[in-house]
Every structure is written in structure tokens, then in C-alpha cells.
Amino acid sequence: MKVGVRDISRKTGYSPATVSNALNRKRGVSKETAEIILKAARDMGYQRQGHLNRIQFVIARKSGRIVDESAFHPVVIEGIEHEAKLHNLPTTYVTVDLNDPTSKGQIKEMCSDPTGAIILLGTEMWEKDYRPFYDSIAPFVIVDGWCSHRFMESIVISNETSAYRAVSYLISKGHKKIGYLHGNPQIRNFPLRYRGFEAAMSEAELPIDERFQTYLGTTLSTALADMDSWLDDGPEMPTAFFADNDVLAVGAIQALAKHGVRVPQDVSLIGFDDLSFAAISSPPLTTIRVPKQAIGELAVRRILEQTQGNANYTCVTHVSTAFVERDSVIECSR
């Protein structure tokens, strides 16, 4: 059942005009009264229809080792800004440090304002990190993340299927000894990509050899250093690697070159994301292209659907990817 201003008025005892003013953050309503009305609205499942005045892109920062140096969300922002401008909505930017105890108050304030829609970057978030957002009356969409314990509108990358297709491509090129470069720290996307790797290997009845796997830092410098250290031990090499993302892949290529290992002549390599530097690495990187700008545009459209429509459900939208074949993979004759 749709909850309206008059329902909240009956629940709280305040006049419809006072309730409307509180929900719209207008002056003339005391802080105490506004808090009572907003709490009642959250408890009753009220969702404001229309009358947005801005889009807030919220970067949820945990370790910072992913989002601080990521080239992913700046392109998502371009998509958000482009679509928001079409609807005369300004875009603001907020960073929330999830390790800071005061962040809960910051989140509560944003979630209590139905005129400021929230597009939340969930890249570094895990399940418990979504709890402060549970009762948001602000229109709300998660990008590059999802909540399993509450129904929340989300837009995610098709991680497992994309990795499965990439590893299947390596297998089609004759590779049977395929290694995996894991990101450290882990984010929720990475285990799903590994599941795609496992599925492709299992389907082809190929063994997964842990000797061909290692963990690399998620910046170019740490990925290079960690791969360099791993290679110092003289490990047995696979004929190909799949990497959790492009940063790991390019860092690994640089470390392999230091050790005289040629890509792709000695080992082939595939990344994930198709970041800008993937096309100009040496060699240019075969990878998985994520439609980052389109994700931002879609997030704004999902927000507008919430405020203008009457849907009483949420969706988790899996965005497909494109495989980009460049020069870091060759046929394997071994």
C-alpha cells in the first residue's frame, strides 16, 4: 500500500502541511518535529514522488586502496552527470569513510532527505556496510555493489559470466595451464570472477593448480612489486593468466618483463575493466570492457523511475560486458 502525507499526518498527529514541509526540508518546522515526522515516514515505508532537487554520488570508502586510485567511477560519474543534466538535476559528490564512527550520522542525514537522491558506489562495501542505508527515504541506487539482506535497487557488473567467457577464450586458444592473479584486498566482485574462472576450467575438465595463483596489490606499483616478488622465487609458470582487473594485469606485465618473461610469447594474459591504459600497455591488453558511462546513465534513470513511478519492487540489474581482443593472448602450442 502506498504511504502518503495524510497517512503520516494521522500517524504523528501533525497537520498535512507540517508533514509536507518536514518531508521537503522547508523552514518553519522545528528540528524535533522534523525528526519525528521523518522517522515515522521511514518506519511506514514512505517514498517521495518527484520533486528531486539534486543527485548525490556517494563514494563509500573502506580501505581506499580500490576507490582512491580507481579509473572506474570517474567514468560512471560522467554518465551520471550527462543523464542528470538532461533532467535539470545538479550532481553533488560526497565521500563517506565507513571506518569513521561519525559516518553513520552523515549517512542518516542524507537518507532522511527525499529531495536528494543517492547513487551509492558500493565497490568497497561488504554486506554489513549497507545497514546504515536500510531505512533511506531518499531515492536510492547502488552502483557496483549489492545488498543481499534487504531489497535495494542495484546495478552490478556480470562478473561471473564475463570471467567465464574470458577463460573459455583462453581455452579455445589451446591454453590448459591457466593461472589466476587475485586482487589484494578482495572486493565482492573478485570472488565472483574467480567462480567464472572455476566454471570454465571445470567445464573443460582442466585442473586448477594453486601453484599458478598469487595475490597482488591493487595499485600499479603494488601489483608490480608483488608480482616481482613472486617471480623471484622462480615458480613454475602457466601458459596464461586471468587477472581480477586491468591494474593487476598491467602491473604483472611490467614485472614479467623485468624477469625476461614475454607477453604473449611466453605467457598470455587477460584483464578486466578495459581501463584507459589497457589499450596502450605493452603489449595492448586483452580485457573485458565494462560500460561504465552507461552504468551511470542507467543509475539516474532508475532514480527517476523511483520518484515518478508507482512500482513497489526493486531490481538488481546485471549489466553485460564486451570482450576486447588485443595483443596479450596468442595460440598455445604447448
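Which element gives the most to the lining of the second largest cavity? The answer is in the legend to View 3; every view is taken from a predicted model.

**View 1. The largest nonpolar core and its most connected members.**
This core holds 44 residues. Ile 55, Phe 57, Ile 119, Phe 242 and Ile 295 are the members that touch the most others. Helix α10, residues 292–308, supplies the largest share of the core, namely six residues. A second core, separate from this one, has 21 residues, including Leu 216, Trp 230, Phe 241 and Ala 252. Around Phe 57, and leaving aside residues up to four places away in sequence, the contacts are with His 73, Val 76, Ile 77, Ile 80, Thr 92, Tyr 93, Val 94, Ile 119 and Leu 121.

**View 2. The largest cavity and its lining.**
Three cavities of 30 Å³ or more turn up in a search of the whole structure. The largest has a volume of about 210 Å³. Its lining is made of 18 residues, and Ile 66, Ser 70, Phe 72, Asn 245 and Asp 273 are the closest to the centre. By type, the lining residues are eight nonpolar, five polar and five charged. Helix α7, residues 189–203, gives the most to this lining, with three residues.

**View 3. The second largest cavity and its lining.**
The volume of this cavity is about 40 Å³. Its lining consists of Ser 162, Arg 165, Ala 166, Ile 288, Thr 321, Ala 322 and Phe 323. Two elements, α6 (159–172) and β12 (322–324), give two or more residues each. The element that gives the most is α6, with three residues. Four of the lining residues are nonpolar, two are polar and one is charged.

**View 4. Helix α5 and its buried face.**
Helix α5 covers residues 103–111, and its buried residues are Ser 103, Ile 107, Met 110 and Cys 111. Seen down the helix axis, these buried residues fall within an arc of 95°, so they line one face of α5. They pack against three strands, β1 (54–61), β2 (91–97) and β3 (116–121). On the face turned away from the buried side, α5 carries the exposed residues Lys 108 and Glu 109.

**View 5. Cis peptide bonds at Pro 264 and Pro 283.**
Val 263 and Pro 264 are joined by a cis peptide bond with omega of about 10°. Pro 264 belongs to the loop between α9 (246–258) and β9 (268–270). Another cis peptide bond joins Ser 282 to Pro 283, with omega of about 5°. The loop that holds Pro 283 runs between β9 and β10 (287–289).

**View 6. Positive phi at Asn 88 and Asp 273.**
Asn 88 is not a glycine, yet its phi is positive, at about 60°. This residue sits in the loop between α4 (72–86) and β2. Asn 88 is exposed, with a relative accessible area of 70%. Asp 273, also a residue other than glycine, has a positive phi near 125°. Its place is in the loop between β9 and β10. At 9% relative accessibility, Asp 273 counts as buried. Asp 273 also appears in View 2, among the lining residues closest to the centre of the largest cavity.

Key:
Residues numbered from 1 in each chain as written. Predicted model: local features only at pLDDT ≥ 70, side-chain atom pairs only at ≥ 80, totals over all residues. Heavy atoms only, no water. Core = buried A, V, L, I, M, F, W, Y, C linked by side-chain atoms within 4.5 Å. Buried < 20%, exposed > 50% of the residue type's maximum accessible area, 1.4 Å probe, protein only. Helix = DSSP H or I, 4+ residues; strand = E, 2+ residues; numbered from the N terminus. Contact = heavy atoms within 4.5 Å. 1 Å grid on protein atoms, 1.4 Å probe; cavity = no way out; pocket = protein on both sides within 12 Å on 5 of 7 lines; lining within 4 Å. Points joined across faces, edges and corners; volume = space filled by probe spheres on them. Nonpolar A, V, L, I, M, F, W, Y, C, P; charged D, E, K, R; others polar. Arc of directions from axis to C-beta.
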